[in-house]
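Reader: I have a structure in front of me and do not know where to start. Can you walk me through it?

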Amino acid sequence: MAILDKQFGEIGVRRNIKSTHIKFSVAPSGQLRVSAPIYVSDFRIKRIIQTSRVEIAKLIKKNPLPAVKKTLKEVESLRLKAKLSLTPRVEALATEHGFKYSKLRFSTASTRWGSCSNKGTISLNIALVNLPDRLIDYVILHELSHTVHMNHSKKFWEHLEYVCPSSKNLKKQIAKYRPFL
Ligand SMILES: [Zn+2]
């Protein structure tokens with residue numbers, strides 16, 4: 001059977017006569033799998049998923065390589081969508097908070113959401129465009145803050161919190177997502 005989860009998608013559930021506890025794993029396809037002893041109810045599995053979201057997200061993060069690769073055409077249309085919607089957002093946020101960057105690039109290969117070079121070039125993963133707005137803004141403001149602090153020092157995080165309130169919470173939220181391409 002499978003459980004449909006709002007965060008992790010379709011989760012494959014397998015009951016195993018030999019298993020003694022509930023175990024999570026990630027299939028090569030990127031799908032989350034649960035193996036459980038036969039006596040464990042669906043309800044209990046769902047409850048464990050509910051209380052282990054952070055740990056599960058970490059497990060998924062450690063197992064990249066989703067099986068469903070996007071076609072070249074899909075990647076190009078995502079790139080266009082990202083360009084059209086993220087470019088004005090980066091400009092607006094930079095203007096609003098007085099950041100200066102030199103170039104904006106869009107990446108696909110990266111496993112990161114964004115980066116900022118020491119020359120002030122900001123790269124954003126095109127998959128970012130599919131994230132909720134507040135997380136898009138978080139990534140953009142994170143990278144823009146690197147134009148002031150090229151590191152993850154205390155000052156950097158303070159600056160980021162100043163331009164992006166509740167940044168710590170947003171950082172936790174974005175850890176649940178991966179730049180699938
Ligand atoms: Zn950073």
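Author: Keep in mind that this is a predicted model. Start with the sheet. It is open and has four strands.

Reader: In what order do the strands of the open sheet lie, and what is the pairing?

Author: First the general idea. Strands of a sheet pair through backbone hydrogen bonds, either parallel or antiparallel. In this sheet the order is β1-β2-β4-β3, and the pairing is mixed.

Reader: Which are the edge strands?

Author: Look for strands that pair on one side only. Here they are β1 (2–5) and β3 (23–26). From one strand to the next, the twist averages 25°.

Reader: How many bridges join β1 to β2, and do the two run parallel or antiparallel?

Author: They run antiparallel, and four bridges join them. Strand β2 covers residues 9–16. For one bridge, find D5: its partner in β2 is G9.

Reader: Which helices pack on the sheet?

Author: Take α1, residues 42–51. Helix α1 touches β1, β2 and β4 (32–37). The direction of α1 makes about 35° with that of β1. Then take α2, residues 53–62, which also packs on the sheet. Helix α2 touches β3 and β4, and its direction makes about 30° with that of β3.

Reader: Now the interior. How many residues does the largest nonpolar core have?

Author: It has 21. Those with the most contacts inside it are A82, L124, L128, V139, I140 and L141.

Reader: Which elements each supply at least two residues of this core?

Author: Three to find: α3 (72–97), β7 (121–125) and α4 (133–145). The largest share, six residues, comes from α4.

Reader: What does A82 touch, leaving out residues up to four places away in sequence?

Author: On that count, A82 touches F106, L124, I126, L128 and V129. There is also a second, separate core, with seven residues. Among them are I11, L32, A36 and I56.

Reader: Back to L141. Where does L141 lie?

Author: L141 lies in helix α4.

Reader: Why is L141 called buried?

Author: Count the neighbours. The cut-off for buried is 20 or more other C-beta atoms within 10 Å. L141 has 24, so L141 is buried.

Reader: With which residues is L141 in contact, beyond its neighbours within four places in sequence?

Author: With L93, L160, V163 and C164. Now try a distance. L141 and H97 are 44 residues apart along the chain, and their C-alpha atoms are separated by 9.1 Å.

Note on methods
Residues numbered from 1 in each chain as written. Predicted model: local features only at pLDDT ≥ 70, side-chain atom pairs only at ≥ 80, totals over all residues. Core = buried A, V, L, I, M, F, W, Y, C linked by C-beta atoms within 7 Å. Buried ≥ 20, exposed ≤ 12 C-beta atoms within 10 Å, placed from the backbone. Contact = placed C-beta atoms within 7 Å. Pairing = 2+ DSSP bridges. Axes fitted to C-alpha atoms, helices over the stretch in contact; angles between N-to-C directions.
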